[in-house]
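Reader: I am new to this structure and would be grateful for a close look at a single part of it. Please take the strands as the centre of the account and work outward from there.

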Amino acid sequence: GKMPISKRKRNDKNQQEILVDKRMNFLHQASMLLSGTPSQTRYLNYTMKKISHKSVKRMGPHVKYSFCRRCNTSMVAGKTCTIKITKLGSKRTCHFCGAVRISKQYKRMTDKNITRSSNVEYQQIITPVDQQLENNYNE
């Protein structure tokens, strides 16, 4: 037998959503790979933004914060943007248009933050690589 029309429409809708996800994922990966050429990344990010609006599909936070809101350039620390950690959070400044975006996710640890949090001991974690670098530096 044939599938009822409602189920057929639902399957077509799912297939379309899968294609949109794949296309947006491809555009995001390509824009991050080509971050050295801003004009290409702007075009890819702009296209990805348009696709998400047209398909009424939300971009994930990691995708949304990976490019500038104003000029659509991929934000790569040190290459296309500057990141400063302040008391308010991390402050990203685009090198091309100067747009500033503050993310409250990463805050600098201040004395107030440490005393407010539960009595957890803060200690420096030293990895073997750090220890080797320190030994080479001291020699």
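**The strands and their surroundings**

Author: Leaving out residues up to four places away in sequence, Arg101 touches Lys64, Tyr65, Phe67, Arg69, Ser90, Lys91 and Arg92. The model in which these contacts appear is a predicted one. Arg101 belongs to strand 3, and the account may begin there.

Arg101 is buried and yet forms no salt bridge. Asp21 carries the nearest side chain of opposite charge, and that side chain is 19 Å away. A salt bridge would require a side-chain nitrogen of Arg within 4 Å of a carboxyl oxygen of Asp or Glu, and at 19 Å Asp21 does not meet that limit. One of the residues that Arg101 touches, Arg92, is also its bridge partner across the strands.

That pairing belongs to a wider arrangement. Strand 2, residues 90–94, and strand 3, residues 100–103, run antiparallel and are joined by four bridges. Beside the pair of Arg92 and Arg101, Lys91 stands opposite Ile102 of strand 3. Five residues lie between strand 2 and strand 3 in their hairpin, where Gly98 takes a positive phi near 80°.

Strand 2 also pairs with strand 1, which covers residues 81–85. This pairing is antiparallel as well, and it extends over five bridges. Within it, Thr82 has Thr93 of strand 2 as its bridge partner. The hairpin of strand 1 and strand 2 has four residues between the strands, and Gly89 there has a positive phi near 155°. Strand 2 is thus paired with strand 1 and also with strand 3.

The two faces of strand 2 may be considered next. Ser90, Arg92 and Cys94 make up its covered face, while Lys91 and Thr93 make up its uncovered face. The residues already met fall on both: Arg92, the partner of Arg101, is on the covered face, whereas Thr93, the partner of Thr82, is on the uncovered face.

Cys94, on the covered face, leads to the matter of the cysteines. A disulfide is a covalent bond between the sulfur atoms of two cysteines. A search of the whole structure finds zero disulfides. Cys71 is in none, and its nearest cysteine sulfur, that of Cys97, is 3.7 Å away. Cys94 is likewise in no disulfide; the nearest cysteine sulfur to it is that of Cys71, 3.7 Å away. The cut-off for a disulfide is 2.5 Å between the sulfur atoms, so the distance of 3.7 Å from Cys94 to Cys71 does not qualify. Both residues count as buried, because the limit is a relative accessible area under 20%: the value is 16% for Cys71 and 3% for Cys94.

The loop between helix 3 and strand 1 contains Asn72. Asn72 has a phi near 65°, a positive value in a residue other than glycine. Most residues other than glycine have a negative phi. Asn72 counts as buried because its relative accessibility is 9%.

Asn72 is also among the residues in contact with Thr41, and so the account passes to helix 2. Thr41 is found in that helix, which covers residues 38–54. With its neighbours within four places in sequence left aside, Thr41 is in contact with Ser31, Leu34, Ser35, Asn72, Thr73 and Ser74. Thr41 is buried, with a relative accessible area of 1%. A polar atom of its side chain lies 2.9 Å from the backbone oxygen of Pro38.

Beyond helix 2, in the loop that leads to helix 3 (61–64), lies Val56. Val56 is another residue other than glycine with a positive phi, in this case near 50°. Unlike Asn72, which is buried, Val56 counts as exposed, at 74% relative accessibility.

The setting of these parts can now be given. The protein has five helices and three strands, in the order α-α-α-β-β-β-α-α along the sequence. Of its 139 residues, 24% count as buried. Among contacts between residues at least 6 apart in sequence, 36% join residues at least 24 apart.

Conventions. Residues numbered from 1 in each chain as written. Predicted model: local features only at pLDDT ≥ 70, side-chain atom pairs only at ≥ 80, totals over all residues. Heavy atoms only, no water. Pairing = 2+ DSSP bridges. Buried < 20%, exposed > 50% of the residue type's maximum accessible area, 1.4 Å probe, protein only. Polar contact = N/O pair within 3.5 Å; in protein donor to acceptor, adjacent residues only side chain to side chain. Contact = heavy atoms within 4.5 Å. Lys, Arg positive; Asp, Glu negative; His and termini not counted.
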